[in-house]
Amino acid sequence: MHVDVVTIFPDYLTPLELSLVGRARRAGLLDLAVHDLRSWTQDVHRTVDDTPYGGGAGMVMRPEPWGAALDELTAPGRPPARLVVPTPVGERFDQAMAQRLAVEPRLIFACGRYEGIDQRVIEHATSRMPVTEVSLGDFVLFGGEVAVLVILEAVTRLIPGVLGNAGSLDEESYADGLLEAPVYTKPPQWRGHEVPEVLRSGDHGRIARWRRDQGLRRTVTRRPDLIAKLAPEKFDKKDIAVLQAAGFQVSAADMAE
Ligand code: SAM
């Protein structure tokens, strides 16, 4: 996957050299370039912002540097790309969106600052390329850089070859619409707390059922909205019993045999 990030703070993206994202880059699985928006300015002060039309607090990012940056990054001969614009007014980021972005051949991220980017940049880009405005959640950050770090970390781990054991993706929270069961490692006893016996039993059938039950219980108590989104036929009889014991009603007529 090719990724370009445009920002006025390129140093903010240096963590992308570390850990598994850094390793994916070195392995050639992720080709990432970070660009300074100010390199597309024309004036001596390298200005990227101005006062908002209509008044109000704060500054707005001017369209010209963004236009020049996107023109250059999408010039003929460059691979086609999707523009990803972090913004609190965007579609909420989740694992499903990470999966959609992970299969794109090329992403260009536009990091806003101040009160955001002049809306005409997004309008114009939409006429030339696919654009996704994406929100990390119902809060406001200083800028899009942290959002890009989050999105890229979630996306990179879905790129084939990045994780040594791709099977771990199938068992993670959200993979099947449920939160993951609790996890444990050695020692078997620690400060009076024991690893559940079933996980040490070697009985793969019991372990799978225990994990499923724990995932269901966690999800129904912490995120009942996720359970409500799952089709009833996703649940077997044992699932239904666990959900009902946790106080969640699923119609017996709907459940899978
Ligand atoms: N004036 C904007 C508003 O009220 O919607 C907030 C702008 S915010 C201070 C500056 C930049 O931070 C945004 O352009 C965006 O790039 C980023 N940002 C802030 N909150 C975000 C969020 N929840 N998700 C994604 N990006 C966010």
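Is D239 buried or exposed? Let's take that one to start with, everyone. Please keep in mind that what we have here is a predicted model. The answer is that D239 is buried, because its relative accessible area is 1%, and the cut-off for buried is under 20%. This aspartate sits in helix α9, which runs over residues 237-245. Setting aside neighbours within four places in sequence, D239 makes contact with R209, R212, L216 and K234.

Now let's move over to another helix. Helix α5 covers residues 145-156. How far apart are its end C-alpha atoms, and does that agree with or depart from the expected span? The twelve residues of α5 should span 16 Å at 1.5 Å a residue, and the end C-alpha atoms are indeed 16 Å apart, so the two values agree.

What about its surroundings? Nine of the twelve residues of α5 are buried, so this helix is largely enclosed by the rest of the structure. Among those buried residues are E145, A147, L149, I151 and T156.

One more residue on that buried list is V148, and I'd like to stay with V148 for a moment. Its relative accessibility is 0%, so V148 counts as buried. Which residues does V148 touch, leaving aside neighbours within four places in sequence? They are V5, L13, P86, F109 and C111. Take F109 from that set: F109 and V148 are 39 residues apart along the chain, yet their C-alpha atoms are separated by 7.1 Å.

You may have noticed P86 among the contacts of V148. P86 takes us to the ligand, since P86, E115, L136, F139 and L141 come nearest out of the 18 residues around the ligand.

Let's go through the polar contacts. The side chain of E115 has an N or O atom 2.9 Å from a nitrogen atom of the ligand. From the backbone, an N or O atom of L136 lies 3.0 Å from a ligand nitrogen, and a backbone N or O atom of G137 lies 3.2 Å from a ligand nitrogen. As for cover, the ligand on its own has 580 Å² of accessible area, and the protein covers 83% of that.

Who supplies the shell? The elements giving two or more residues to the shell are β5, residues 82-92, and β7, residues 131-135. Of the elements, β5 gives the most, with three residues. By class, the shell around the ligand has ten nonpolar, seven polar and one charged residues.

That's my tour, friends. Thanks for listening!

Technical notes: Residues numbered from 1 in each chain as written. Predicted model: local features only at pLDDT ≥ 70, side-chain atom pairs only at ≥ 80, totals over all residues. Heavy atoms only, no water. Helix = DSSP H or I, 4+ residues; strand = E, 2+ residues; numbered from the N terminus. Buried < 20%, exposed > 50% of the residue type's maximum accessible area, 1.4 Å probe, protein only. Contact = heavy atoms within 4.5 Å. Near = heavy atom within 4 Å. Polar contact = N/O pair within 3.5 Å; in protein donor to acceptor, adjacent residues only side chain to side chain. Areas by Shrake-Rupley, 256 points an atom, 1.4 Å probe, with all protein chains shown as cover. Nonpolar A, V, L, I, M, F, W, Y, C, P; charged D, E, K, R; others polar. Expected span 1.5 Å × (residues − 1).
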